[in-house]
Amino acid sequence: MRSAASPALGLSYRVIRSGDGDGVLLSGRADVVNHAMHIHAVAPHSAAEEDLEMEARSTDDGAIVIRVEYSERGQDGAGIKWQPEMRVARGVPVRAEVGGSGWSRAIELTVQ
């Protein structure tokens with residue numbers, strides 16, 4: 001985690017679904033400082049929901065590591081849990097992907 005004296009990290013994110021209905025599930029921008037960021041989204045008129053948590057920390061070599069916890073529950077009750085850890089540099093977009101039979105998810109991050 002970053003200390004209170006550290007400048008905010010501007011974090012842009014997108015969670016993308018492919019294979020079982022293409023589209024962006026979550027997207028936005030947040031400042032991450034000294035705590036984890038949590039987003040809980042419920043699809044309108046359905047039981048589908050997504051949870052996204054991210055925590056940023058700096059490394060000794062100046063890189064930033066983002067620990068991501070993503071979970072999803074579809075309308076049918078089926079779920080996805082995924083915990084990538086992504087090493088990023090400011091201004092350079094990164095992407096991680098996970099998939100199974102007939103589905104995939106990707107998360108794209110950019111730190112400013």
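This short presentation describes the fold, the core, the largest pocket and two individual residues of one protein.

Good morning, colleagues. Please keep in mind throughout that we are looking at a predicted model.

I begin with the overall architecture. The protein has 112 residues, and 40% of them count as buried. Its secondary structure consists of 9 strands and 0 helices. Read from the N terminus, the order of elements is therefore β-β-β-β-β-β-β-β-β, with strands as defined by DSSP runs. Taking contacts between residues at least 6 apart in sequence, 42% join residues at least 24 apart. The surface that the protein exposes comes to about 6200 Å², and carbon and sulfur atoms supply 48% of that area.

Let us turn to the interior. The largest nonpolar core contains 26 residues, and L52, M54, I66, I107 and L109 have the most contacts inside it. Two or more residues of this core come from each of β1 (9-18), β2, β3 (37-42), β4 (49-58), β5, β7 (85-88), β8 (94-100) and β9.

Next, the largest pocket. It holds about 260 Å³ of space. Its lining is made up of 16 residues, and those that lie nearest the centre are D20, E72, G74, D76 and R105. The elements giving two or more residues to this lining are β5 (64-73), β6 (79-82) and β9 (103-111). Sorted by class, the lining comprises 7 charged, 6 nonpolar and 3 polar residues.

I should now like to consider two single residues. The first topic is G23, which belongs to strand β2, spanning residues 23-32. Is G23 buried, exposed or partly exposed, and why? Its relative accessible area is 27%, so G23 is classed as partly exposed, a term that covers values between the 20% limit for buried and the 50% limit for exposed. Setting aside residues up to four places away in sequence, G23 touches V15, I16 and R17. The C-alpha atom of G23 is separated by 9.9 Å from that of R105, a residue 82 positions away along the chain. R105 has already appeared in this talk, among the residues nearest the centre of the largest pocket.

The other residue is P93, located in the loop between β7 and β8. P93 has a relative accessible area of 60%, and because exposed means over 50%, it counts as exposed. Which residues does P93 contact, leaving aside neighbours within four places in sequence? They are L109 and T110. Between P93 and T110, the C-alpha to C-alpha distance is 4.5 Å, although 17 residues separate them in sequence. L109, for its part, is one of the core residues with the most contacts inside the core.

Thank you for your attention.

Definitions and conventions
Residues are numbered from 1 along each chain as its sequence is written. This is a predicted model: local features need pLDDT of at least 70, side-chain atom pairs count only at pLDDT 80 or more; totals for chains, interfaces and linings use all residues. Side-chain values use heavy atoms; hydrogens and water are left out. On a 1 Å grid over the protein atoms alone, a cavity is a set of points where a 1.4 Å probe fits but cannot get out, and a pocket is an open set with protein on both sides within 12 Å along at least five of seven lines; lining residues have an atom within 4 Å of a point. Grid points are joined across faces, edges and corners, and a volume is the space filled by probe spheres set on the points. Helices (H or I, at least four residues) and strands (E, at least two) are DSSP runs, numbered from the N terminus. Ala, Val, Leu, Ile, Met, Phe, Trp, Tyr, Cys and Pro count as nonpolar, Asp, Glu, Lys and Arg as charged, and the others, Gly among them, as polar. Buried means under 20% relative accessible area, exposed over 50%, partly exposed in between (1.4 Å probe, protein chains only). Contact means heavy atoms within 4.5 Å. Accessible areas come from the Shrake-Rupley method with a 1.4 Å probe; for residues, only the protein chains shown count as cover. A nonpolar core is a set of buried Ala, Val, Leu, Ile, Met, Phe, Trp, Tyr and Cys residues joined through side-chain atoms within 4.5 Å.
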